[in-house]
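I sat down with this one to see how the chain is divided, what surrounds the ligand and how the strands are ordered. My notes are below, in the order I looked things up.

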Amino acid sequence: MSETFDVIVVGAGPAGVSAAIYCQQKGLNTLLLDSKPKKEIGDKVCGEAISKKTVHNVSEKLNVEPPTGGEINTNVEQLVLRTSLPVDHISLPAIGYMVDRYIYGQRLLANATKAGVKIQDNTRVISALVESNTVKGVKIRNKQGQNENLYCSIVIDCSGILAVVRTNLPKDFETLLNKELTKADYASCYREIIELEEDHNLEGKIVLQYEGDIPKPGYIWFFADGKRKLNCGTGFIKTGKNKERSVKAVYFNAIEKYYPKETYRTLDGRGGTVPIRPPLWNAVAPGLIVAGDAAFHADPLTAEGHGPALLAGYYAAKTSLNAIKNNNVSTESLWKYNKLIMEDFGNEHARYRVLTIALNRLGVKNLEFLLKRKVVKKSDLTSELVTGKESILSLLGRTIRCFPRLHLLLIVKKAMSLSKKIDELCRNYPNSPQTFMEWKKKIEKIYRKLE
Ligand SMILES: Cc1cc2nc3c(=O)[nH]c(=O)nc-3n(C[C@H](O)[C@H](O)[C@H](O)COP(=O)(O)OP(=O)(O)OC[C@H]3O[C@@H](n4cnc5c(N)ncnc54)[C@H](O)[C@@H]3O)c2cc1C
C-alpha cells in the first residue's frame with residue numbers, strides 16, 4: 001500500500017510552496033504535487049510587482065530568505081492611477097520589488113526541498129478523493145501516465161485559478177463551499193516584457209492606465225522594471241459583448257498610443273488569467289483548505305496575488321497543523337483559516353472589489369472627470385473609503401467640484417457607504433460555520449446593490 005501523508009499540497013506556486021514549507025518544518029509529512037516538470041515551476045505570466053512588507057512578513061514566518069540578489073529586478077515605490085491625460089491623478093505609496101518570478105519561484109521550491117518536503121513533479125491532480133463526506137486525498141495522473149490515488153489527512157488546494165480540487169468535488173459535498181468557477185470570476189490577460197530604445201521615465205512606478213476602449217476593469221498596466229524595461233499588459237472579463245474579443249488585439253491597440261511598435265523590442269509575450277472576485281467567503285471543507293488564486297486571494301483592483309498567496313499558504317499550513325494535532329479535520333476545526341484570511345488581506349480585497357465595481361460603473365471618461373476635478377482623491381482609496389466619515393464642508397467642496405455631473409457623486413458616495421458596510425461585515429466574520437449562510441447573504445446583498 002502506498003504511503004499516507006499528513007498533508008498533500010496541490011500546486012507549487014507561491015501558495016503551495018509556502019504551505020508545504022511550513023507544514024514540513026512543523027513535522028508534518030508533506031507531499032507537494034505539480035503538473036509541471038520541476039525546472040518549469042515558478043514560470044508564470046505575471047506583472048512581477050510584489051509588496052515588500054508582505055513578502056518579508058511571510059519570509060520571516062517561514063524562516064526563508066526574502067527575495068534577494070538576482071531575484072529582484074528593481075524597486076517599486078508608487079502605485080499610480082492615470083487616464084489619457086498626461087498626469088498622475090493618484091499616486092499611492094507601494095513599497096516593493098519587481099521580481100524575476102521564475103528565479104524567485106525556483107528558489108522557493110529549493111527552500112521546500114531543503115525543508116524536507118517530498119516533491120512530485122509532472123503529476124497532474126485530477127480530483128479529490130472523498131470518503132465519508134471528507135476529503136481523504138487526491139486522484140492523480142502520475143509521470144508514467146497512470147492514474148493513482150494518494151491519501152492524506154488534509155489536502156491544501158493551491159492549484160491556481162482553475163482550482164482543480166475545489167471545482168471537481170461532488171455537488172452535495174460541503175454546501176458551504178463554492179465549488180464553481182464562472183467566466184465572471186476572472187480576467188483573461190495578455191502581458192509583455194518590453195525593452196524600449198529610450199528611458200521611459202516611470203522608474204519606481206507601477207501605473208494603471210485607464211483607457212476607454214479597454215473592457216472592464218479597463219486599464220493597461222505599465223510596471224517599470226529598470227530604466228528601459230516595462231512589464232505591461234491588459235486583461236478583461238470575457239463575457240457578454242466581450243466574449244469574442246481578442247485580449248492581445250486590445251493590448252496592442254492600447255500600447256501603440258504610448259509606445260509605438262518600432263520604439264521597443266519584446267522580450268516575452270504571453271497570456272494568463274487572474275481572479276477579480278472578492279476572496280472565497282469560505283475556503284474550507286472537511287479535509288480540505290483552498291489557498292491562493294484557487295480561493296480568489298488576489299487583490300481585485302491591482303491583481304496583486306503573489307504576496308496574498310504566500311500568506312494564504314502559511315495560514316493554511318498553520319490551520320492544518322492545529323487540526324491534525326487535534327485529530328479533527330472537520331469544517332468547524334478548519335474554520336479559523338477563514339478568519340485569518342479575513343483579518344489579514346480579505347477585508348481589504350473585499351473593499352477593493354467594491355471600488356473596482358464602482359470604477360466599472362463610472363466608466364473611464366467619468367473617472368477622468370472625477371480625478372481631474374479632485375472629486376475623488378487619494379484619501380478616498382485609503383482611509384475615508386472605509387470610515388465613510390466626511391465633514392459637511394468636504395462634502396460641499398466635492399459637490400461643487402462635481403458640478404454638473406452630480407449623479408457621479410452619488411455613485412461615489414454609494415460605493416463609499418457600501419464599502420464601509422463590507423468592512424463592518426468582514427470585521428464580524430462568523431466565528432463558526434453555523435451563522436455563515438446568514439452572514440454570506442448579507443455581504444452578497446451589498447455587492448448586488450452596486451452591480
Ligand atoms: C497577467 C498577470 C499579471 C499578474 N501580476 C501580478 C503582480 O504584478 N503582482 C502580484 O503579486 N501578482 C500578480 N499576478 C497574480 C499572481 O501571479 C497570482 O495571484 C499568484 O501566482 C497566485 O499564486 P498561486 O500559488 O495561488 O497559484 P499559481 O502561481 O498559479 O500556481 C499554481 C500551481 O499549480 C500547478 N497546477 C495547476 N493545476 C494543477 C493540477 N491539476 N495538478 C497539479 N498541479 C497543478 C501549476 O502548475 C502551478 O505551479 C498576476 C497574474 C497574471 C495572470
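These entries go from domains to ligand to sheet.

**Entry 1: the model and its domains**

I reminded myself to begin with that this is a predicted model. I then looked up the domain division and found three parts: domain 1 (4-70 + 98-179 + 277-346), domain 2 (183-275) and domain 3 (349-450). Domain 1 is written as three segments, so I kept the bounds at hand for the rest of the session.

**Entry 2: domain 1 against domain 3**

I asked how far apart the C-alpha centres of domain 1 and domain 3 lie. The answer is 32 Å. To their contact, domain 1 gives 17 residues and domain 3 gives 13 residues. On the domain 1 side, I noted that α6 (331-334) and α7 (336-362) supply at least two residues each. Which of the elements has the largest share of that side? It is α7, with five residues. I also sorted the domain 1 side by class and wrote down nine nonpolar, four polar and four charged residues.

**Entry 3: the shell around the ligand**

Next I turned to the ligand, which is surrounded by 42 residues. Gly-11, Gly-13, Gly-47, Gly-292 and Gly-305 are the closest. I checked which elements give two or more residues to this shell, and the list reads α1 (14-25), β3 (49-51), β7 (124-131), β10 (186-196), β14 (264-275) and α5 (306-325). By class, I have 20 nonpolar, 14 polar and eight charged residues in the shell. Which domains does the shell draw at least three residues from? I found that domain 1 and domain 2 each meet that mark.

**Entry 4: the sheet**

β3, β10 and β14 had come up in the ligand shell, and I met them again in an open sheet of eight strands. I copied its order as β3-β5-β4-β11-β12-β13-β10-β14, and the pairing is mixed. At the edges sit β3 and β14, each of which pairs on one side only. From one strand to the next, the twist averages 30°.

I then followed one pair along its length: β10 and β14 are antiparallel, with 11 bridges between them. As an example, Tyr-186 has Pro-275 of β14 as its bridge partner.

My last lookup was helix α2 (residues 52-62), which packs on the sheet and touches β3 and β5 (90-99). The direction of α2 makes about 65° with that of β3.

How values were computed: Residues numbered from 1 in each chain as written. Predicted model: local features only at pLDDT ≥ 70, side-chain atom pairs only at ≥ 80, totals over all residues. Near = placed C-beta within 6 Å. Helix = DSSP H or I, 4+ residues; strand = E, 2+ residues; numbered from the N terminus. Nonpolar A, V, L, I, M, F, W, Y, C, P; charged D, E, K, R; others polar. Contact = placed C-beta atoms within 7 Å. Pairing = 2+ DSSP bridges. Axes fitted to C-alpha atoms, helices over the stretch in contact; angles between N-to-C directions.
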